[in-house]
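Colleague: I would like to go through this model with you, one question at a time. Please keep the reasoning short and finish on the answer.

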Amino acid sequence: MLPTRKRAAGDTADNDVDDGTETLLKKPRAVDCSIPLSDSNTGSSNNSSSNNNHSAVDLVRPYPVVAMAHNDGHPPEIDEDLHSRQLAVYGRETMRRLFASNVLVSGIQGLGVEIAKNLILAGVKSITLHDEGTVELWDLSSNFYFSENDIGKNRALACIQKLQELNNAVVISALTTSLSKEHLSKFQAVVFTDIGLEKAIEFDDYCHNHQPPISFIKSEVRGLFGSVFCDFGPKFTVIDVDGEEPHTGIIASISNDNPALVSCVDDERLEFQDGDLVVFSEVQGMTELNDGKPRKVKNARPYSFTLEEDTAKFGPYEKGGIVMQVKQPKVLNFKRLRDALRDPGDFLLSDFSKFDRPPLLHLAFQALDKFICEMGRFPVAGSEEDAQRLIALATSINEGLGDGKVEQIDKKLLRHFAYGSRAVLNPMAAMFGGIVGQEVVKACSGKFHPLFQFFYFDSVESLPTEPMDFSDLKPLNSRYDAQISVFGSKLQKKFEEAKIFLVGSGALGCEFLKNLALMGVCCSSQGKLTITDDDVIEKSNLSRQFLFRDWNIGQAKSTVAAAAAGSINPHLRIEALQNRASPETENVFDDAFWESLDVVVNALDNVNARIYMDQRCLYFQKPLLESGTLGAKCNTQMVIPHLTENYGASRDPPEKQAPMCTVHSFPHNIDHCLTWARSEFEGLLEKTPAEANTYLSNPSEYTSAMKSAGDAQARDLLERVIECLDREKCDTFQDCVTWARLKFEDYFANRVKQLTFTFPEDAATSTGAPFWSAPKRFPRPLQFSSNDPGHLHFVMAASILRAETFGIPIPDWAKNPRELASAVERVLVPDFQPKKGVKIVTDEKATSLSTASGDDATVISELITKLERCTENLPPGFRMKPIQFEKDDDTNYHMDVIAGLANMRARNYSIPEVDKLKAKFIAGRIIPAIATSTAMATGLVCLELYKVLAGGHKLEDYRNTFANLALPLFSMAEPVQPKVMKHRDMSWTVWDRWVIRENMTLRELLKWLKERGLNAYSISCGTCLLYNSMFPRHRERMDRRVVDLAREVAKVEVPQYRNHLDVVVACEDDDDNDIDIPLISIYFR
């Protein structure tokens, strides 16, 4: 549940409570937005209630404001269910700093509202929205909370209520009069998106000199151009420059030298860099290094480094040791805006093909400011006179720069800049809203390296390739007028008539829907946007999937998102489906559907789905716009038919998996412990109860299947089912406590005793080397104690879940530590004696811990007999209740059991333990996610969408991007061309498909290929072989039609909506060289 809040004026509660507070309601509520402009209350009011005696919350007079959400002086607790993905990026300390931060956002057009949205989702303490202007039709191109009904209203007031719905824990206020320097003192960070340079310099001077300094950010989006300037004060401390976990290594040896050479095991490559500081622990022999003193790394190599330390007189290294990076804070000295304008230093580059662009844009934005000061307006789109005036101003400023001036001014670029300068385009606002939102988080928390200090960006490649008629840029009194001023009305019509398939409506999907609605894409009777997602809304989605509200939890994502997008732009033609895009739904997304599309936009969260969509786009030759995020990182990839390689052409290497024996017997980090814990949880509480139910549902069928299998796996399954239904069956909660206590003994005492009995501390390998050498860690058994909170909590959580699987009621005393401890003390724990000859898997290549034996079949028969006997004692209709792991419910004890299992195991092996939240990240495989990188990724993709829908763009016009907002790093490059295959006078790429419009026989197909110098030796359909030259019997098929062979041999039934059959042909040329040819489609209808 989100934190409760004090009632704002106009709020009503479903249930009155004694303390005057209310819990959040899962429905929209009307909020009084009356604005006292002065004591005489001359301002306009919105949704005011005549019978409400409460005045609007009045902050610091003379602020004409409305304040929303609670502000009781106490920072709210972090709601881990809501913010789990964000916590995985920032950590608790950064989140606490955010929760204590007050931020001003001035200028609530497209960019301002994007920044505000991202910060509200992040969870700052308060945001004040400042804007003195009123909503114009022009603004509807970029602000997703404005509607035509808002025209004439103050911009800040028009969107405050909708912004508040994003996060009721944030206090949101509106300021509608002019801003003075003194107003800034209450904020930790101030952001200006629509301010003149003179005023910006005045405000920045105040912020820079204030004690403590106030972080100042100025950002603008002008057409396809954008800028950011940051000044966080004269001495800003960055606590964590990149947000990455400190790098570690397991030591193999350390020399007694000056400098010392440290070698590490080759389990994983070291990530240290020269100059890093590291500390040592657990080193045996050379114990002098365990003093906690940071030491400097030199000559870093993949598995070794030199230590800036004389170890000649230290004790000789014996064994063991962990080396860990120490992350150092960094102090940055920011220049004031007035100084940085004259001496900007190094610009942050995003595209190395435009390395000379930032200095020119530095001039352009100053020239635009001067133009507005002189003319009182922006340049008119298409006005050559205005463009020349701006170019002259830029030239004049440049001449005054002396040695720092730009050598050659690109007048064509400045002309584009002038024409679109009034427009705030949504994709640009989304991109810069992500960048600036992240800079505010840095300013408030010290987490990640700030942008230092200017960043300029342009996407002029998004403009149409053909020259535009300037009359086409004139406004049409339309909500798209801002976009028309850049791209023209003809292209706008193309956008509106587009047919797009958006796959996924999670974080990326919500942002894409908002962008497409504002851009007017699919917003005419000829256009259509199809969105599909088979998922439902969960609480953890709400911190970044901004179209959803808490009252939508449990509803279909695509339906809710589509409705929300329709409220942004009522003209959007959208169909929401709940089908997973997969081979099983090709009757829904059939050939006619695919052939009707103009573009596919992926908003997916897994590689397999991306690969499938990539294959479909290849097949139907449709552009695919791909993107993804991971914490503060994001990437975009453009897949354009016949121009670029496809998504699947290059893949990341698979993540390295720990060997099974390491996870089960020789863990050396907490990830191993958590992997084991998750596996044990699923085995004990989900898989074994489910297996028992399979048997109980149909005993004869189950036992027959086990006899047929007759292997070690079947034997193990039967043993576990018997154990569950017989030896470890629970009838009372005390039985569950007994089971949990004995599991503790088995896992953390007996198994360790057996392991160290089989492999004593002085054991050696077959080569004579110590068995317990790095990375192996020698374990110690645990002694259970009711006084240890970790021991008792594990027993409590495990008992409760065990009771759930047997349908046993949970007594009140189960959660009382004293009474639970008493129940635990009643458990009789048998003595354990290690056995000789126990087989423990040590082979890192082993994939199973089960070992086959010659008499498996006999043992299985005996086990089946035993299972049949034990089920005679079960009540009629007895079934177990398997527990499916759910990481996002902190009240279900799932993570308590997994964290308990992992941490107790970590104690066995002297591995540092983790709290439940960190355990959830690792065991729950939570993907770190924040709103800022998501917004940036979708903005970048939509800049590419302009190009795709316009058509005619060359490869060099497109951009793939990798960005890391933590560093910050922006790396843009043109996509890679597809690989071209050649044969004789033919050439093709992965995009090509050979089409034969004739119902051919096999002989005719072979002849058709032979005429092209291709000798086919294998033809297949799906997974079945239709023809192979090595099989004499296949020659009998020569005069059969290929489609008939596919029906008969491959059992392929071509659906009615499809007129062709696809076959894969393996060929050689006349010199017996393999030739990789395209897929062949035979049209037989």
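Colleague: Which residues does Met286 touch, not counting residues up to four places away in sequence?
Modeller: This is a predicted model, so every value here is computed. Met286 sits in the loop between strand E13 (277-281) and strand E14 (295-298). Leaving out residues up to four places away in sequence, Met286 touches Ile254, Ser255, Asn256, Thr311, Phe314, Gly315, Pro316 and Tyr317.

Colleague: Is Met286 buried or exposed?
Modeller: The cut-off for buried is under 20% relative accessible area. Met286 has a relative accessible area of 0%, so it counts as buried.

Colleague: How far apart are the C-alpha atoms of Met286 and Gly321?
Modeller: Along the chain, Met286 and Gly321 are 35 residues apart. In space, their C-alpha atoms are separated by 9.6 Å.

Colleague: In what order do the six strands close into a barrel?
Modeller: The pairing in this barrel is antiparallel. Neighbouring strands of the sheet are turned by 45 degrees against each other on average, direction ignored. The order is E11-E12-E15-E14-E13-E16.

Colleague: Over how many bridges do E12 and E15 pair?
Modeller: The two strands run in the antiparallel sense. Ala260 stands opposite Leu307 in E15. The pairing of E12 and E15 extends over four bridges.

Colleague: What is the bridge partner of Lys298 in E15?
Modeller: E14 and strand E15 (residues 304-307) pair in the antiparallel sense over two bridges. In E15, the bridge partner of Lys298 is Thr306.

Colleague: Through how many residues does a hairpin join E11 to E12?
Modeller: Strand E11 (residues 248-254) and E12 pair in the antiparallel sense over three bridges. Ile254 stands opposite Val262 in E12. The hairpin that joins E11 to E12 runs through five residues.

Colleague: Which side chains along strand E12 are buried?
Modeller: In a regular strand the side chains alternate between the two faces of the sheet. Strand E12 (residues 260-264) shows that alternation. Leu261 and Ser263 point to one face and are not buried. The side chains that point to the other face and are buried are Ala260, Val262 and Cys264.

Colleague: Which residue forms a salt bridge with Asp591?
Modeller: The structure holds 67 salt bridges. In this one, the closest N and O atoms are 2.8 Å apart. The partner of Asp591 is Arg1058.

Colleague: How many residues apart in sequence are the parts that Asp591 and Arg1058 tie together?
Modeller: Asp591 lies in helix H14 (residues 591-596). Arg1058 lies in the loop between helix H28 (1042-1049) and strand E32 (1060-1068). Asp591 is buried at 4% relative accessibility, and Arg1058 is buried at 14%. The pair therefore ties together parts that lie apart in sequence by 467 residues.

Colleague: Where is Glu728, the salt-bridge partner of Lys743?
Modeller: The closest N and O atoms of Lys743 and Glu728 are 3.9 Å apart. Lys743 belongs to helix H20 (residues 733-758), and with a relative accessible area of 8% it is buried. Glu728, 15 residues apart from Lys743, is in the loop between helix H19 (712-727) and H20.

Colleague: What is the N to O distance in the salt bridge of Asp716 and Arg715?
Modeller: Asp716 is buried, and Arg715 is buried too. Their side chains meet in a salt bridge, and the N to O distance is 3.7 Å.

Colleague: What is the nearest side chain of opposite charge to Glu496?
Modeller: Glu496 is found in helix H11 (residues 489-496). Leaving aside neighbours within four places in sequence, Glu496 is in contact with Tyr480, Gly520, Cys522, Cys523, Ser524 and Gly527. Glu496 is buried yet has no salt bridge. At 8.1 Å, the nearest side chain of opposite charge is Lys493.

Colleague: What is the radius of gyration of the chain?
Modeller: The chain has 28 helices and 34 strands. The globule rule gives 31 Å for 1085 residues, and the chain comes close to that, so it is as compact as a globular protein of that length. Its radius of gyration is 33 Å.

Key:
Residues are numbered from 1 along each chain as its sequence is written. This is a predicted model: local features need pLDDT of at least 70, side-chain atom pairs count only at pLDDT 80 or more; totals for chains, interfaces and linings use all residues. Side-chain values use heavy atoms; hydrogens and water are left out. A salt bridge is a side-chain nitrogen of Lys or Arg within 4 Å of a carboxyl oxygen of Asp or Glu. Buried means under 20% relative accessible area, exposed over 50%, partly exposed in between (1.4 Å probe, protein chains only). Contact means heavy atoms within 4.5 Å. Two strands pair if DSSP finds at least two bridges between them. Axes are lines fitted to C-alpha atoms, for helices over the stretch in contact, and angles run from 0 to 180 degrees between N-to-C directions. Lys and Arg count as positive and Asp and Glu as negative; His and the chain ends are not counted. The radius of gyration is taken over C-alpha atoms; the globule rule is 2.2 Å times the number of residues to the power 0.38.
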